[in-house]
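Trainee: Got a minute to go through this one with me? I'd like to start with what's tucked inside.

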Amino acid sequence: MEIKEMKARLEKELPAKRFRHTLAVSETAVELARRYGVDEKKAAVAGLLHDSGRQIPTKEFIAKAAELGIPLDEIEKHQPILIHAKLGVYYAQHEFGVTDPEILSSIRRHTTGAAHMSPLDMVIYLADLVEPNRDFPGVDTMRAEVEKGLENGMRKAYIHTMSYLLSQGLLIHPDCLAGYNELTLKQKENQN
């Protein structure tokens, strides 16, 4: 399916605000991909489809995952918002015809992050976090950190995310912690 067709379909399936976010993530992902030498077309597609799982209401995520045979971990069962990434992979494959494992991985990892993230994984995670419509406290600082490099941006994004989750009494997914630990250890090794 061509990007133009994807946009037309998403515009029908997503609420207007979510669709605007989706377009902004795709555009931001292309800018980051260009800056960091990542495939721009893959970034555009992954950015467009990263929230395709949000076409389902959050309260239905667990039931929909069960219906589709998508396994969930305990963190996802207790914080269902995370499930939209796995649903997004399903819809990217089955409704939009995406077979590229890099694109699917970046959709899967855009909520929790993970260890061993590819540059495309990082581009989509960070584009989702810093797209121009985002206005959370500290977003300008996050945008500046992303300008310093993908790994730097990801490490700072993990810190921001974990701080937020802790302040709200929410669970931290092990993939988030693994990603943070990997990049922090790498940074420490590079300093020695």
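**Helix 7 and its surroundings**

Mentor: Sure. This is a predicted model, and in it the buried residues of helix 7, which covers residues 101-108, are Ile-103, Leu-104, Ser-106 and Ile-107.

Trainee: Where do those buried residues fall when you look down the axis of helix 7?

Mentor: They sit within an arc of 160°, so they line one face of the helix. In general, an α-helix has 3.6 residues a turn, so residues three or four places apart point the same way.

Trainee: And which helices do the buried residues of helix 7 pack against?

Mentor: Against helix 3 (40-49), helix 6 (83-94) and helix 8 (119-130).

Trainee: What about Val-98, where is that found?

Mentor: Val-98 is in the loop between helix 6 and helix 7.

Trainee: Does Val-98 count as buried or exposed?

Mentor: Buried, because its relative accessibility is 7% and the cut-off for buried is under 20%.

Trainee: Which residues does Val-98 touch?

Mentor: Leaving out residues up to four places away in sequence, Val-98 touches Met-6, Val-45, Leu-49, Ala-92, Gln-93, Ile-103 and Leu-104.

Trainee: New topic: how do helix 9 and helix 10 cross?

Mentor: The axes of helix 9 (residues 139-147) and helix 10 (residues 150-167) come within 7 Å and cross at roughly 150°. That makes helix 9 roughly antiparallel to helix 10.

Trainee: Which residues make that contact?

Mentor: Helix 9 brings Met-142, Glu-145 and Val-146, while helix 10 brings Asn-152, Gly-153, Lys-156, Ala-157 and His-160. Sorted by class, the contact has 3 nonpolar, 3 polar and 2 charged residues.

Note on methods. Residues are numbered from 1 along each chain as its sequence is written. This is a predicted model: local features need pLDDT of at least 70, side-chain atom pairs count only at pLDDT 80 or more; totals for chains, interfaces and linings use all residues. Side-chain values use heavy atoms; hydrogens and water are left out. Axes are lines fitted to C-alpha atoms, for helices over the stretch in contact, and angles run from 0 to 180 degrees between N-to-C directions. Helices (H or I, at least four residues) and strands (E, at least two) are DSSP runs, numbered from the N terminus. Angles under 35 degrees count as roughly parallel, over 145 as roughly antiparallel, 65 to 115 as roughly perpendicular and the rest as oblique. Contact means heavy atoms within 4.5 Å. Ala, Val, Leu, Ile, Met, Phe, Trp, Tyr, Cys and Pro count as nonpolar, Asp, Glu, Lys and Arg as charged, and the others, Gly among them, as polar. Buried means under 20% relative accessible area, exposed over 50%, partly exposed in between (1.4 Å probe, protein chains only). The arc is that of the directions from the helix axis to the C-beta atoms.
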